[in-house]
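Open your viewer and get the selection panel ready. We will take a short walk along the chain, one selection at a time.

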Amino acid sequence: MKINKKQKYSILAGLIVIAAAFIIWIYDGSYVFTQTKVLIEKKDPLFGTTYKVWENKFIWGLDLTLVITAVSMLISAGFVFLFKSKRKKLNEENG
């Protein structure tokens, strides 16, 4: 199977999106699950005691990375199928 220029670009774009998702996941701490809140330990300056508080913070997880990878692969495969050349079909019809 020979692929044309548009198909190469769609595959390349899909691979770039997948690589970016994994780079962000690794940079953000390589957590398995995406988190929207983090437990932070704070110190009370008046009494010197510590307490824990939930803070809103988004942490990229592997689950989100895998969803982005799957969607990117499906879209790239769709574009590869959409951009396939029709030369073979035309040659078969013409004899």
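One cut-off before we start: a residue is called buried when its relative accessible area is under 20%, exposed when it is over 50%, and partly exposed in between. Keep in mind too that this is a predicted model.

**The whole chain**

Start with everything in cartoon view. You should find three helices and two strands, arranged along the sequence in the pattern α-β-β-α-α. Now switch on a surface: the chain exposes about 7900 Å², and carbon and sulfur atoms supply 67% of that area. Of the 95 residues in the chain, 16% are buried. If you draw a contact map, look away from the diagonal: among contacts with a separation of 6 or more, 57% join residues 24 or more positions apart.

**Helix H1**

Select residues 5-27, which make up helix H1. Try a ruler on this helix: with 23 residues at 1.5 Å a residue, H1 should span 33 Å, and its end C-alpha atoms are 32 Å apart, so the two values agree.

Next, zoom in on the N-terminal end of H1 and show Asn4 as sticks. Asn4 caps the helix there, with a side-chain oxygen 3.4 Å from the backbone nitrogen of Lys6.

Which residues of H1 are buried? Select Gln7, Ser10, Gly14, Ile18, Ala21 and Trp25 to see them. Much of their spacing makes sense on a helix: an α-helix has 3.6 residues a turn, so residues three or four places apart point the same way. The buried residues of H1 pack against H2.

Pick Ser10 out of that set. Its relative accessible area is 10%, so Ser10 counts as buried. Leaving aside residues up to four places away in sequence, Ser10 touches Ser76, Phe79 and Val80.

**The loop after H1**

Move just past H1 to Gly29, which takes a positive phi of about 120°. Then select Ser30, in the loop between H1 and strand E1 (35-43). What is the sign of phi at Ser30? It is positive, about 55°, although Ser30 is not a glycine. For context, most residues other than glycine have a negative phi. Ser30 is partly exposed, because its relative accessibility is 35%.

Phe33 is in the loop between H1 and E1 as well. Is Phe33 buried or exposed? At 57% relative accessibility, Phe33 counts as exposed. Show its surroundings: beyond residues up to four places away in sequence, Phe33 touches Gly61, Leu62 and Asp63. You can also draw a distance from Phe33 to Thr65; they are 32 residues apart along the chain, and their C-alpha atoms are separated by 9.7 Å.

**Helix H2 and its surface patch**

Now select residues 62-82, helix H2, and find Phe79 in it. Phe79 is one of the residues that Ser10 touches. With 39% relative accessibility, Phe79 lies between the two cut-offs and so counts as partly exposed.

Add Val67, Val71, Ile75 and Leu82 to Phe79, and colour the set: these residues form a nonpolar patch on the surface, with about 460 Å² of accessible area together.

Finish at Leu82, also in H2. Leu82 is exposed, since its relative accessible area is 54%. A last distance takes you back to where H1 was capped: Leu82 and Lys6 are 76 residues apart in sequence, yet 9.6 Å apart in space, C-alpha to C-alpha.

Key. Residues numbered from 1 in each chain as written. Predicted model: local features only at pLDDT ≥ 70, side-chain atom pairs only at ≥ 80, totals over all residues. Heavy atoms only, no water. Patch = residues over 30% accessible without salt bridge, like charges linked within 9 Å, V, L, I, M, F, W, Y side chains within 5 Å. Areas by Shrake-Rupley, 256 points an atom, 1.4 Å probe, with all protein chains shown as cover. Salt bridge = Lys/Arg side-chain N within 4 Å of Asp/Glu carboxyl O. Helix = DSSP H or I, 4+ residues; strand = E, 2+ residues; numbered from the N terminus. Buried < 20%, exposed > 50% of the residue type's maximum accessible area, 1.4 Å probe, protein only. Contact = heavy atoms within 4.5 Å. Expected span 1.5 Å × (residues − 1). Polar contact = N/O pair within 3.5 Å; in protein donor to acceptor, adjacent residues only side chain to side chain.
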